[in-house]
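Visitor: I would like a close look at a single part of this model. Please start from one residue and work outwards.

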Amino acid sequence: MNSILVTCYVNPDLDGVAGAIAYAEFLQKNGKNAVAGIIGELQDEAKYIFSRFNLEFPSSIENANDFTEVILVDASDLNGLEGKVRPEQVVEIIDHRKIHEADKFVNAKAQIELVGAAATLITEKFIQKEADISQKSTILLYSAIISNTLNFKGSVTTERDLKAAEWLNKKLNLPQDYWKDLFLAKSDLSGDKLKSRMIDDFAFFNFANHEVGIAQIEMIGAANLVKNRQEGIMRVLGELKDTYDLDLYFLNLIELEECKNYFVTDDRPTKEILEKILDVRFEGNLAKKPNLTMRKQIVPLFKTELEKYARNRS
Ligand SMILES: [Mn+2]
């Protein structure tokens with residue numbers, strides 16, 4: 001019997017891999033022949049969880065060619081799939097992004113809800129069905145909710161995320177400062193790690209005929225990074241600009257402990273747009289903003305602003 005592949009974008013983060021593994025488990029418990037498979041390499045934070053709790057790594061696959069049906073969790077745009085999944089294979093999408101391309105997957109039913117983590121949407125399925133959940137899925141989903149909501153401090157956080165996390169942690173009883181271990185695990189960006197992190201978590205969009213590229217880093221110790229590695233950041237942004245032929249580009253750098261954002265770019269038009277939509281001021285190539293703003297919140301503002309320009313010109 002053909003099995004259904006549950007996966008996310010290439011090189012998944014914790015939310016993506018947690019959601020895929022737990023949803024495959026949920027489907028199996030409902031009699032479906034579903035398997036979780038990961039394309040590419042797990043991001044550092046996800047790797048940390050697997051080793052800390054001694055969890056078995058998910059199976060790694062080249063592409064989705066061996067499957068007739070695919071379910072995407074935490075993913076709903078074509079760029080992130082890098083051609084490894086054909087859109088017509090996808091039968092279901094579970095995601096939490098305002099800007100998405102679910103309509104390009106013509107055979108898929110889509111559940112897109114603007115909660116803090118895709119892991120929340122998966123947890124709710126277990127709660128609703130009162131289904132048993134494995135220790136492994138519990139750990140992964142709980143960690144993913146902490147990570148995606150920036151320990152519930154990100155303004156993406158909803159009541160639903162809090163409820164789902166509470167339900168999960170009742171079974172785990174992890175220490176109070178568990179969030180910090182999680183965030184420290186992805187805060188070492190020494191040497192080449194800076195570049196690979198920026199490339200792994202890069203996203204690009206086309207809005208009103210502009211190619212927009214946004215790198216994102218979430219970490220503890222961002223102040224030191226902008227102080228000591230600004231040239232390195234600019235070099236990687238320059239490489240991304242050339243590779244993807246970007247018109248506008250920046251790094252969204254999130255400081256998790258001090259709760260602030262840094263925006264880094266040497267591109268003037270990008271600075272002007274960010275100043276306008278986020279109410280920040282650039283000094284040199286750097287702007288700061290209190291509280292935590294995530295890329296998925298900036299993207300809709302950016303899109304609206306570019307479309308406004310385009311309309312005014314035509
Ligand atoms: Mn997510």
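Leaving aside its neighbours within four places in sequence, which residues is Val 6 in contact with?

Guide: A caution comes before the answer: this is a predicted model. Beyond four places in sequence, Val 6 is in contact with Ala 20, Tyr 23, Ala 24 and Leu 27. Its contacts also include Ala 34, Val 35, Ala 36 and Gly 37. Ile 71 and Val 73 complete the list.

Now place Val 6 in its core. The largest nonpolar core has 55 residues, and Val 6 and Tyr 23 touch the most other members. Helix H1, residues 14-29, supplies the largest share of this core, with ten residues. At least three core residues come from each of domain 1 (4-182) and domain 2 (193-313). There is also a second, separate core of 22 residues. Among its members are Ile 217, Val 226, Leu 237 and Tyr 262. As a general point, nonpolar side chains in soluble globular proteins tend to be buried together.

Next, the sheet. Strand E1 covers residues 4-7. E1 belongs to an open sheet of six strands, in the order E3-E2-E1-E4-E5-E6, with parallel pairing. Strand E3 (59-61) and E6 are the edge strands, and each pairs on one side only. From one strand to the next, the twist averages 30 degrees.

Follow the pairings outwards from E1. E1 pairs with strand E4, residues 69-73, in the parallel sense over four bridges. Within that pairing, Leu 5 has Val 70 of E4 as its bridge partner. Helix H1 packs on the sheet, where it touches E1, strand E2 (34-39), E4 and E5. The direction of H1 makes about 165 degrees with that of E2.

On the other side of the pairing list, E4 and E5 run parallel and are joined by four bridges. Here Val 70 stands opposite Val 90 in E5. E5 then pairs with E6, again in the parallel sense and over four bridges. In that pair, Asp 95 stands opposite Ile 112 in E6. Five of the six residues of E5 are buried, so this strand is largely enclosed by the rest of the structure. Helix H3 (residues 118-129) lies across E4, E5 and E6. H3 runs at about 110 degrees to E5.

Helix H1 also leads to the metal. Asp 15 (OD), Asp 74 (OD), His 96 (NE2) and Asn 148 (OD1) are the protein donors of the manganese ion. These donors lie 2.2 to 2.7 Å from the ion. Along the chain, their spacing is D-x58-D-x21-H-x51-N. Asp 15 in H1 and His 96 link distant parts of the chain, 81 residues apart. His 96 sits in the loop between strand E5 (90-95) and strand E6 (109-112). Asp 15 and His 96 are both buried.

Three loop residues deserve a look. Gln 43 is in the loop between E2 and helix H2 (44-52). Its relative accessibility is 13%, and the buried class is under 20%, so Gln 43 counts as buried. Leaving aside its neighbours within four places in sequence, Gln 43 is in contact with Asn 11, Pro 12 and Asp 13, as well as Asp 200 and Asp 201.

Glu 130 lies in the loop between H3 and helix H4 (135-148). Its phi is near 50 degrees, a positive value in a residue other than glycine. At 72% relative accessibility, Glu 130 counts as exposed.

Ala 208 is not a glycine either, yet its phi is positive at about 45 degrees. Ala 208 is found in the loop between strand E7 (202-207) and strand E8 (210-219). With 24% relative accessibility, Ala 208 counts as partly exposed.

Finally, step back to the whole chain. The domain assignment gives domain 1 (4-182) and domain 2 (193-313). Taken over C-alpha atoms, the centres of domain 1 and domain 2 are separated by 25 Å. The contact takes 15 residues from domain 1 and 18 residues from domain 2. The core that holds Val 6 draws at least three residues from each of these domains.

Technical notes
Residues are numbered from 1 along each chain as its sequence is written. This is a predicted model: local features need pLDDT of at least 70, side-chain atom pairs count only at pLDDT 80 or more; totals for chains, interfaces and linings use all residues. Side-chain values use heavy atoms; hydrogens and water are left out. A nonpolar core is a set of buried Ala, Val, Leu, Ile, Met, Phe, Trp, Tyr and Cys residues joined through side-chain atoms within 4.5 Å. Buried means under 20% relative accessible area, exposed over 50%, partly exposed in between (1.4 Å probe, protein chains only). Helices (H or I, at least four residues) and strands (E, at least two) are DSSP runs, numbered from the N terminus. Domain bounds come from an automatic or database domain assignment. Contact means heavy atoms within 4.5 Å. Donors are N, O and S atoms within 2.8 Å of the metal (3.2 Å for Na, K and Ca); water is not among the atoms, so sites may look incomplete. Two strands pair if DSSP finds at least two bridges between them. Axes are lines fitted to C-alpha atoms, for helices over the stretch in contact, and angles run from 0 to 180 degrees between N-to-C directions.
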